[in-house]
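Visitor: I'm new to this one and don't want the whole tour. Could you pick how the helices and strands sit beside each other, and take me through that closely?

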Amino acid sequence: MENELHLSQHISKRFNQELEEVRNQVLKMGGLVEQQVSNGLIALLEADQALALEVVETDAKVNAMEVEIDETCTEILARRQPAASDLRLMVSIIKTITDLERIGDEAEKLGKNALKISPEQSGAKQFVELRHLGDSVKKMLNRSLNAYARMNVEEALDIIQSDRLIDEEFDNLSRLLILKMMEDPREIKNALRISWCARALERIGDHSKNICEYIVYLVKGKDVRHTSLDDVRKSLLAES
Amino acid sequence: MVDNSSSEILFSEDTKIDGTVGHCFADDAKMSMRNVNVFYDKKQAINNISLDLARNQVTALIGPSGCGKSTFLRCMNRMNDNIAICRVEGEFKLDDEDIYAKKMDPVLLRARVGMVFQKPNPFPKSIYENVAYGPKIHGLASNKAELDEIVITSLQKAGLFNEVKDRLDDSGTSLSGGQQQRLCIARTIAVSPEVILMDEPASALDPIATAVIEELIDELKEKYTIAIVTHSMQQAARISQTTAYFHMGQLVEMGETKKIFTNPSHKLTENYITGRFG
């Protein structure tokens, strides 16, 4: 990030510090959210009730961080009236933390559902596809946060593209769950809960994709939401 | 072309830019400047700048002190004519007329291209006389009633009439700073200019008076073409449609204000508007 945005080159040292601080806050929030998703998945797949409860309770921390960063950004906007890349940094942070907070909510859903899945019927563990989807989503989130920390546009574009694979995995798992429910109606209750978890994971993929779109906006000043990736690559290539 | 060999250049080689980035030319230009070079004695203050002022738009000229923005502004109504050591080269066109042509009377030109300065400078005369002075010397009114009409509408357009209508005979200097600046704007408008040049018109005013002037500028652009030099980046962002960034006598970047303040193309522009070391 430092190389691309030169955050420490303001004449005002205090401003440098403020931007550095808020950026660290976002990275810290990203780390916590990543941990939440990871724990939520373990709780679900290993039927670990204690960990599930911890995930549900920790969501409040994620929410508090969002509020705190929002306040910091509002203060910077009011005091500094940032322009150009500084302005884009603020906008991208405000948007990113909204997505991070929602990822936190999805992780909380994993925990809540893990608490409610009945141990008598087939649990989440038997669905290899769920584990696989979870791993893919975790990896995608991790890559997004790394791309954010490094302001890596190429990587961000790559991740945006990879969201399609997550969607496919989600569709496959959904089909499997429907089959399961048709075979044995007693499984419907658990299968529905697992389906909700799968949906939560798929949404985490969407939010990670959003974060990557903000990276492109922050570094290149281009809004690539709702645009085909080919067009984005072409226009970025034309510029460089 | 300029012969640089005999001139002491104000800028070093490493700060030289390779041409301007962005869009310097307008589809509908009120004023067109091409290949402008300005020298103060042997010092070059403006280095080959070409740009247009788009009709009925506000163009902001920004840049650090000594970058040549005020010099450039002053060339647009030949204010530099009276500075003996100042030499201006290049093409300046108001619509299609060459404003540096021999037949162009600078006094008449300055009525068509008016100027508002940083420090309000009303004449030590009554409010009425301040506004009436220009129309009188240019013979714009054939009788007292017509002159009254011009004074009143000019004061109205400058958003000052309601505040001074009961004391038009009071001295112009008795007004507050913000009012004096609006009086100067009324005085400029009174001679029906086509272009208004403003050199830091609000830098000596408080935020409320500044907001009033900025609101006025926004209204004035419906009728006039405006160029404004400002040190306040926020002001440029608020009131202009086009922004030009000057750096050491060169035009670094020019384009849509929205683009300049969210995603400038040139590193020097970015450094300046975000307060970074350049």
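Guide: Sure, one definition to begin with: a helix axis is a line fitted to the C-alpha atoms over the stretch in contact, and the angle between two axes runs from 0 to 180 degrees between N-to-C directions. Keep in mind that this is a predicted model. Now look at chain A, where helix 4 (residues 84-116) packs with helix 7 (residues 188-220) at an angle of about 170 degrees, their axes 9 Å apart. Angles over 145 degrees count as roughly antiparallel, so that is how helix 4 and helix 7 of chain A lie to each other. Their contact has 11 nonpolar, 5 polar and 9 charged residues.

Over in chain B, strands sit side by side instead. An open sheet there has 7 strands in the order 2-12-11-5-10-9-8, with mixed pairing. Strand 2 (21-22) and strand 8 of chain B are at the edges with a single partner strand each, so each has one side without a neighbour in the sheet.

Stay with strand 8 (residues 113-116) of chain B for a moment. Its two faces are both covered: Val113(B) and Met115(B) are buried on one side, Gly114(B) and Val116(B) on the other. Strand 8 of chain B runs parallel to strand 9 (residues 195-199) of chain B, joined by 4 bridges, and Val116(B) has Met198(B) as its bridge partner.

For an antiparallel pair, try strand 11 (residues 242-247) and strand 12 (residues 250-256) of chain B, which 6 bridges join. Here Tyr245(B) is partnered with Glu253(B).

Key: Residues numbered from 1 in each chain as written. Chains lettered and ligands numbered in written order. Predicted model: local features only at pLDDT ≥ 70, side-chain atom pairs only at ≥ 80, totals over all residues. Buried ≥ 20, exposed ≤ 12 C-beta atoms within 10 Å, placed from the backbone. Pairing = 2+ DSSP bridges. Parallel < 35°, antiparallel > 145°, perpendicular 65-115°, else oblique. Nonpolar A, V, L, I, M, F, W, Y, C, P; charged D, E, K, R; others polar.
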